[in-house]
Amino acid sequence: MLKIYNTLARAKQTFSPIVAGKVSMYVCGMTVYDYCHLGHARVMVVFDMVNRWLRSSGYDVTYVRNITDIDDKIIARANENGETITALTSRFIDAMNEDAARLGVWRPDQEPRATDYIHEMITMINTLIERHHAYAADNGDVYYAVSSFANYGQLSGKSLEDLRAGERVEVDVHKRDPMDFVLWKAAKPGEPSWDSPWGSGRPGWHIECSAMGERHLGKHFDIHGGGQDLQFPHHENEIAQSEGAHGCTFVNYWMHNGFIRVDDEKMSKSLGNFFTIREVLDKYDAEVVRFFILRAHYRSPLNYSDHHLNDAKQALTRLYNALRGREIPQVDIDWKQPEAARFKLALDDDFNTPEAFAVLFELANEVNRTGSLAQAGLLKVLAGQLGLLQRDPDEFLKGDAGAGLAAEDIERLIEERLAARRGKNFAEADRIRDTLTAQGIILEDTAQGTSWRRS
């Protein structure tokens, strides 16, 4: 049975959906004012893996990942660029979808944009005011009164007193409590705004996910996911909003993926170690990046470095080499088969991808040792559960030439080397091989001929 580590319970729990056979899952998506970075890539790929495995396990999944298309950063960037907010956000939504597609990420079933759900947010804020969980301040803002919600702090595991003492909270004379957070912001000159019962303004960040989650999945749904950085305050505030408005449990299972580090340091623009997905994909094959992200357990920190990406490339190369030059049969997975059963056991144990990868490498070793096409077929279909190994092996192994030798030049040199060997000019054959090696081209001589791949 599938077990999920529930951040709220701080334990693995057997997954039991609200409606038998169906899964409702909401994941916090991107704020679209710039290109997506490595942290976004991890969220995309991790929850794509979760989505795939739930579907493979027979569940009818409704997967929602929102888009934040209005906030302070978006407004500031649009003003800085001298463009409209719509032009800015549309451009970066397109870029986000391009990056996700390159990483093999399936599109969610729903991708709601915040600006399309202002009415739902206003309705929820009204309900919170009526239930005495929120109040309108005299500056036109509306705040959530955290002291009104007895369970505030349950997700982060801290009491309200601990949070008050430990958090840096900007002093705001309009708040009743420094920990209160904004639900509605009064309009400022030159900023986009919408009419509301409290005057013209726009929603705060936290309210959008509560409103869009309810609209697409209901007041109570199965899984809510996102990066670990969202656990507090964003997800804590979502719970307070949704449960305060509806008086029922908001989410049954909270999932959070770990942080991205770069060379063992926190990734940040101030440290100069901040990488967009596009910058990484300029250097590495997208499937290598997906493999790198999934090889670590989703809850553990992920350390990005050229060394780790190069290691991921070599590891993925080993798997593709096991499939190369074989007529791989299409197979249906028999989950009682030993390797398949172990693979399933791993992913059913809180999506334990390191153990699942161990099964894939054992299968690759078995294929290399025995040449079993049945095991090769199983390797490919199991890897497909993770969105891997679905390309022609030569497409991956010969790779993108980039600044290196083009495929036709490599093939020509290989033919020249074979001609030299046939003429017993071994010095020339060795020279050509050395030339190719220096260009990162690895030759593999077999009884069937010479094949090549990029290192």
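1. Let's start with helix α12, residues 353-370, in this predicted model. Does its length come out long, short or as expected for 18 residues? At 1.5 Å a residue the helix should span 26 Å, and the C-alpha atoms at its two ends are 26 Å apart, so the two figures agree. Just after α12 comes Gly-371, which has a positive phi near 75°.

2. Which residues of α12 are buried? They are Thr-353, Ala-356, Phe-357, Val-359, Leu-360, Phe-361, Leu-363, Ala-364 and Val-367. If you look at the numbering, bear in mind that an α-helix has 3.6 residues a turn, so residues three or four places apart point the same way. As for what covers these buried residues, the list includes α1 (38-56), α9 (286-295), α10 (306-323), α11 (338-348) and α13 (373-384).

3. Helix α6 (residues 205-217) can be put through the length check too. With 13 residues at 1.5 Å each, the expected span is 18 Å; the end C-alpha atoms sit 19 Å apart, which agrees. What follows the helix is Gly-218, with a positive phi near 100°.

4. On burial in α6, there is an unbroken run to look at: His-206, Ile-207, Glu-208, Cys-209, Ser-210, Ala-211, Met-212 and Gly-213 are among the buried residues. Leu-217 is buried as well. Note that Glu-208 and His-206 are on that list, in case you were expecting to find them on the surface.

5. Ala-211 is a handy residue to click on within α6. Why does it count as buried? Its relative accessibility is 2%, and the cut-off for buried is under 20%. Setting aside neighbours within four places in sequence, Ala-211 is in contact with Glu-120, Met-121 and Met-124. Ile-125 is 86 residues away from Ala-211 in sequence, yet the C-alpha to C-alpha distance is 9.4 Å.

6. Now for a strand. How much of β3 (residues 22-31) is covered? Mostly covered is the verdict, with seven of its ten residues buried. β3 runs parallel to strand β4 (residues 60-68), and eight bridges join the two. For a landmark in that pairing, find Met-25, which stands opposite Tyr-63 in β4. When you colour by burial, remember that in a regular strand the side chains alternate between the two faces of the sheet.

7. There is also an open sheet of three strands, in the order β12-β11-β13 and with mixed pairing. Its edge strands are β12 (265-266) and β13 (302-304), each of which pairs on one side only. Strand β11 (residues 260-262) runs parallel to β13, with three bridges between them. One pair to look for is Arg-261, opposite Asn-303 in β13.

8. The loop between β11 and β12 deserves a look at its backbone. Asp-263 lies there, and so does Asp-264. Neither residue is a glycine, but phi is positive at about 50° for Asp-263 and about 70° for Asp-264. For context, most residues other than glycine have a negative phi. Are these two aspartates buried or exposed? Asp-263 is exposed, with a relative accessible area of 52%, and Asp-264 is exposed at 53%. Both values fall just on the exposed side of the cut-off, which is over 50%, so I wouldn't lean on the label too hard.

9. One peptide bond to check by eye is the one from Phe-232 to Pro-233, which is cis with omega near 5°. Most peptide bonds are trans. Where does the proline sit? Pro-233 lies in helix α7 (residues 231-246).

10. Stepping back to the whole protein, the model has 16 helices and 15 strands. Its C-alpha atoms fill a box of roughly 90 × 55 × 35 Å along the principal axes. Of the 455 residues, 50% are buried. Among contacts between residues at least 6 apart in sequence, 73% join residues at least 24 apart.

11. Last, the surface and the charges. The accessible surface comes to about 20800 Å², and carbon and sulfur atoms account for 47% of that. There are 53 positive and 67 negative side chains, and the centres of the two sets lie 4 Å apart.

Technical notes. Residues are numbered from 1 along each chain as its sequence is written. This is a predicted model: local features need pLDDT of at least 70, side-chain atom pairs count only at pLDDT 80 or more; totals for chains, interfaces and linings use all residues. Side-chain values use heavy atoms; hydrogens and water are left out. Helices (H or I, at least four residues) and strands (E, at least two) are DSSP runs, numbered from the N terminus. The expected span of a helix is 1.5 Å times one less than its number of residues. Buried means under 20% relative accessible area, exposed over 50%, partly exposed in between (1.4 Å probe, protein chains only). Contact means heavy atoms within 4.5 Å. Accessible areas come from the Shrake-Rupley method with a 1.4 Å probe; for residues, only the protein chains shown count as cover. Lys and Arg count as positive and Asp and Glu as negative; His and the chain ends are not counted. The place of a charge is taken as NZ of Lys, CZ of Arg, CG of Asp or CD of Glu. Two strands pair if DSSP finds at least two bridges between them.
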